[in-house]
Amino acid sequence: VPPVVNPVIVGNSFLCPGDSILLTVSGGQNYSWNGPGILSYPTPTTIWLNEAGYYSVSVSSTFDICTTNGFTTVSISNPSPPTVTINPPDGLVCPN
């Protein structure tokens with residue numbers, strides 16, 4: 001019976017503009033990542049990324065007997081714009 005390979009990707013699926021996030025995968029022995037904004041591979045199971053997009057990882061068992069793919073989508077988080085309050089409400093400011 002060949003070993004079972006079950007990729008599980010963990011990490012934030014939202015990215016704030018200008019930030020980077022870490023994705024981690026488990027479920028196999030050998031890993032190969034693909035995606036648009038990969039900055040680095042600190043370990044074979046982790047990547048740092050800084051672009052929204054579709055990320056996939058090919059996961060295989062020892063000696064590459066079984067291989068399967070995992071995927072996730074990272075989106076840009078659009079924070080709410082700041083709220084501005086004018087005081088006084090009519091916007092008129094008198095000197096002194």
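In this predicted model, Ser 60 makes contact with Val 5, Gly 28, Gln 29, Asn 30, Cys 66 and Thr 67, once neighbours within four places in sequence are set aside. Ser 60 belongs to strand S7. Its relative accessibility is 6%, and because the limit for a buried residue is 20%, Ser 60 counts as buried. The side chain of Ser 60 also takes part in a polar contact of 2.6 Å with the side chain of Asp 64.

The strand that holds Ser 60 is a good place to continue the tour. Strand S7 covers residues 53-60, and 6 of its 8 residues are buried, so S7 is largely enclosed by the rest of the structure. S7 belongs to an open sheet of 4 strands, arranged in the order S2-S8-S7-S4 with mixed pairing. At the edges of this sheet lie strand S2 (14-15) and S4, each of which pairs on one side only. In general, the strands of a sheet are held to one another by backbone hydrogen bonds, in a parallel or an antiparallel sense.

On one side, S7 is joined to S4 by 5 bridges, and these two strands run antiparallel. S4 itself spans residues 30-34. Two residue pairs help to locate this pairing in the structure: Tyr 31 sits opposite Val 59 in S7, while Asn 34 sits opposite Ser 56 in S7.

S7 also pairs with strand S8 (residues 67-76); 8 bridges join the two, again in antiparallel fashion. Here Val 59 faces Thr 68 in S8. Val 59 thus serves as a handy landmark, with Tyr 31 opposite it in one pairing and Thr 68 in the other. S7 and S8 form a hairpin with 6 residues between the strands, and in this hairpin Phe 63 adopts a positive phi near 60 degrees.

S7 and S8 are linked through side chains as well. The model contains 1 aromatic pair. It consists of Tyr 54 and Phe 71, whose ring centres are 5.6 Å apart and whose planes meet at 25 degrees, so the pair is stacked. Since Tyr 54 lies in strand S7 and Phe 71 in strand S8, the pair ties together parts that are 17 residues apart in sequence. How accessible are the two partners, beginning with Tyr 54? Tyr 54 has 49% relative accessibility and counts as partly exposed, whereas Phe 71, at 57%, counts as exposed.

Thr 72, also in strand S8, offers a contrast. Its relative accessibility is 18%, and it counts as buried. Apart from neighbours within four places in sequence, Thr 72 is in contact with Ile 9, Leu 23, Gly 53, Tyr 54 and Tyr 55.

A further set of pairings involves S3, S5 and S6. S3 and S6 pair in the antiparallel sense over 4 bridges, and Leu 22 has Trp 48 in S6 as its bridge partner. Strand S5 (residues 38-43) likewise pairs with S6 in the antiparallel sense, over 3 bridges. Trp 48 appears here too, as the bridge partner of Ser 40. The hairpin that joins S5 to S6 does so through 2 residues.

Which residues have the most contacts inside the largest nonpolar core? This core has 14 residues, and the ones with the most contacts inside it are Leu 23, Leu 49 and Val 74. At least two core residues come from each of strand S3 (21-26), strand S4 (30-34), strand S6 (46-49) and strand S7 (53-60). Val 74 illustrates how such contacts reach along the chain. Not counting residues up to four places away in sequence, Val 74 touches Asn 12, Ser 13, Leu 15, Ile 21, Leu 23, Leu 49, Glu 51, Ala 52, Gly 53 and Tyr 55. Two of these, Leu 23 and Leu 49, are the residues named alongside Val 74 for their contacts inside the core.

The segment after S8 includes Asp 90. Is Asp 90 buried or exposed? With a relative accessible area of 55%, Asp 90 is exposed. A comparison with Ser 60 brings the description back to its starting point: the C-alpha atoms of Asp 90 and Ser 60 are separated by 66 Å, and the two residues are 30 residues apart along the chain.

How values were computed. Residues numbered from 1 in each chain as written. Predicted model: local features only at pLDDT ≥ 70, side-chain atom pairs only at ≥ 80, totals over all residues. Heavy atoms only, no water. Core = buried A, V, L, I, M, F, W, Y, C linked by side-chain atoms within 4.5 Å. Buried < 20%, exposed > 50% of the residue type's maximum accessible area, 1.4 Å probe, protein only. Contact = heavy atoms within 4.5 Å. Pairing = 2+ DSSP bridges. Phe/Tyr/Trp six-rings, centres within 6.5 Å; stacked < 30°, edge-to-face > 60°. Polar contact = N/O pair within 3.5 Å; in protein donor to acceptor, adjacent residues only side chain to side chain.
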